[in-house]
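Reader: I have a model open and would like to learn how to read its features one at a time. Where should I begin?

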Amino acid sequence: MPRVVAVTSGKGGVGKSNFVLNVGISLAMMDSRVQILDADLGLANLDVLLGIRPHSTLEDVMLGRADLDDIVIKTDYKVNLIPGCSGTQDMADLSQEQIYNLVKKVRNVSSQADCLLVDTASGISTGVISFLMAVPEVIVGVSHEPTSLTDAYALIKVLKKNGYSGRITMFSSMVKNSAAGHAIYKKISSACQRFLDTPVGFLGSVYYDEKLSRAVTDQVPAIVRFPTSNISRCYRVIALTLLGQNNVETDYDKFWARLINMIMKGSRPKTVKAVSFNGNSGNGSIENTIHNILDEQRRTRFLLERLVAKIERDVDSSGSSRGPAM
Ligand SMILES: Nc1ncnc2c1ncn2[C@@H]1O[C@H](COP(=O)(O)OP(=O)(O)OP(=O)(O)O)[C@@H](O)[C@H]1O
Ligand SMILES: [Mg+2]
């Protein structure tokens with residue numbers, strides 16, 4: 001069974017999907033057998049980045065409309081793609097027994113792979129947290145924007161508050177050089193260490209490179225389209241760092257069961273399910289739930305902006321004073 005790693009972020013648009021694709025291909029070029037799984041149920045786009053159109057998805061397997069073998073797409077770049085969900089179909093709740101039977105079936109889809117890289121949606125209130133809780137390794141993408149930093153911290157905080165015990169690492173995205181990438185890492189890691197008592201590892205930086213946009217437009221992965229570009233080098237370095245890490249134990253049945261659950265819930269007409277900081281789902285009307293989420297996000301953003309400002313001041317003055325408990 002493969003090593004399972006999910007890539008996520010607090011704020012959207014930081015480069016997760018391109019990371020999964022290009023780091024996945026880099027690993028495959030280093031002779032790993034890699035599968036990339038598109039679990040961004042709202043905006044699945046690994047297929048678009050690859051210029052392919054899946055006939056069936058995991059959701060179709062769940063609905064009994066496709067066989068497992070039908071959904072694994074061999075790409076031209078040595079990685080296999082598993083499309084998660086088209087988000088267009090109605091799905092009734094599955095019973096525990098049906099989920100159990102499905103898990104037994106779908107877990108084999110990755111049995112031959114060394115590494116399963118999972119692309120997820122961003123954010124703390126998208127139902128993705130409950131899925132991430134079952135993933136042994138979570139990589140958080142963070143850009144230099146203050147909201148990206150604060151949202152990344154919020155995401156890690158929610159994971160920890162819910163008892164996450166896997167490995168958390170991050171990459172800095174769209175940075176101009178490695179010093180800038182490292183500065184982002186210092187901010188996140190010192191905040192997580194200080195206020196959450198949680199170590200966050202650093203995988204490296206992905207430089208800002210306009211060649212990525214060109215590769216996206218051409219629907220060819222950057223690492224293939226521009227193999228000697230700065231950004232391709234970044235992806236390769238990160239792939240090497242990943243290879244150097246030791247494996248984290250995985251509960252495969254739990255992982256697949258949570259993925260099936262996420263697809264089941266994500267395929268319905270959208271109702272928002274809040275994940276609050278103490279891990280309780282919101283009760284009451286949808287309006288209340290949405291208000292709670294918005295309030296919580298506003299509060300969190302406010303607190304985190306203060307936190308980031310404080311850490312920046314601390315780093316600037318190299319002071320060692322302790323900040324307010326968050
Ligand atoms: N390192 C980079 N250099 C230049 N542009 C980048 C970089 N990373 C991302 N981008 C730009 O951001 C766009 C979004 O990237 P991508 O789809 O990988 O982000 P994402 O985090 O998966 O987004 P979402 O949260 O919507 O799923 C790319 O199409 C590209 O234009
Ligand atoms: Mg994406």
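Author: Strands of a sheet pair through backbone hydrogen bonds, either parallel or antiparallel. In this predicted model, strand 1 and strand 6 run parallel and are joined by 4 bridges. One pair to look for is Val 7, which stands opposite Ile 139 in strand 6.

Reader: How many bridges join strand 1 to strand 5?

Author: There are 5 between strand 1 (residues 3-8) and strand 5 (residues 115-120), and these two strands run parallel. Arg 3 stands opposite Cys 115 of strand 5, and the bridge partner of Val 7 in strand 5 is Asp 119.

Reader: In what order do the strands of the open sheet lie?

Author: The order is 3-4-2-5-1-6-7-8, with 8 strands and mixed pairing. Strand 3 (73-74) and strand 8 (201-207) are at the edges; each has a single partner strand, so one side of each lacks a neighbour in the sheet.

Reader: How many residues of strand 1 are buried?

Author: Burial is judged by counting neighbours: a residue is buried if 20 or more other C-beta atoms lie within 10 Å of its own. In strand 1, 6 of the 6 residues pass, so the strand is largely enclosed by the rest of the structure. One side holds Arg 3, Val 5 and Val 7, the other Val 4, Ala 6 and Thr 8, and both faces are covered. For the protein chain of 326 residues, 44% count as buried.

Reader: Which strands does helix 7 lie across?

Author: Helix 7 lies across strand 1, strand 6 (137-143) and strand 7, and runs at about 160° to strand 6. Helix 8 (residues 178-196) also packs on the sheet; it touches strand 6, strand 7 and strand 8, and its direction makes about 140° with that of strand 7.

Reader: What can be read from helix 7 itself, starting with its length?

Author: An α-helix has 3.6 residues a turn, so residues three or four places apart point the same way. Helix 7 (residues 146-161) has 16 residues and reaches 22 Å from first C-alpha to last, close to the 22 Å expected at 1.5 Å a residue. Helix 7 is mostly covered, with 12 of its 16 residues buried. The buried residues include Leu 149, Ala 152, Tyr 153 and Ile 156, and also Asp 151 and Lys 157. After helix 7 comes Gly 163, whose phi is positive, near 90°.

Reader: Which residue in strand 7 has a positive phi although it is not a glycine?

Author: Met 174, with a phi of about 60°, is found in strand 7. Met 174 is buried, because 23 other C-beta atoms lie within 10 Å. Asp 31 also has a positive phi without being a glycine, about 75°. Asp 31 sits in the loop between helix 1 and strand 2 (34-39). Asp 31 counts as exposed because it has 10 C-beta neighbours inside 10 Å.

Reader: How many residues surround ligand 1, and which are the closest?

Author: There are 20, and the closest are Gly 12, Gly 15, Lys 16, Ser 17 and Asn 18. Helix 1 (16-29), strand 7 (167-175) and helix 9 (210-218) are the elements that each give two or more residues to this shell. By type, the shell divides into 8 nonpolar, 9 polar and 3 charged residues.

Methods:
Residues numbered from 1 in each chain as written. Chains lettered and ligands numbered in written order. Predicted model: local features only at pLDDT ≥ 70, side-chain atom pairs only at ≥ 80, totals over all residues. Near = placed C-beta within 6 Å. Nonpolar A, V, L, I, M, F, W, Y, C, P; charged D, E, K, R; others polar. Expected span 1.5 Å × (residues − 1). Pairing = 2+ DSSP bridges. Contact = placed C-beta atoms within 7 Å. Axes fitted to C-alpha atoms, helices over the stretch in contact; angles between N-to-C directions.
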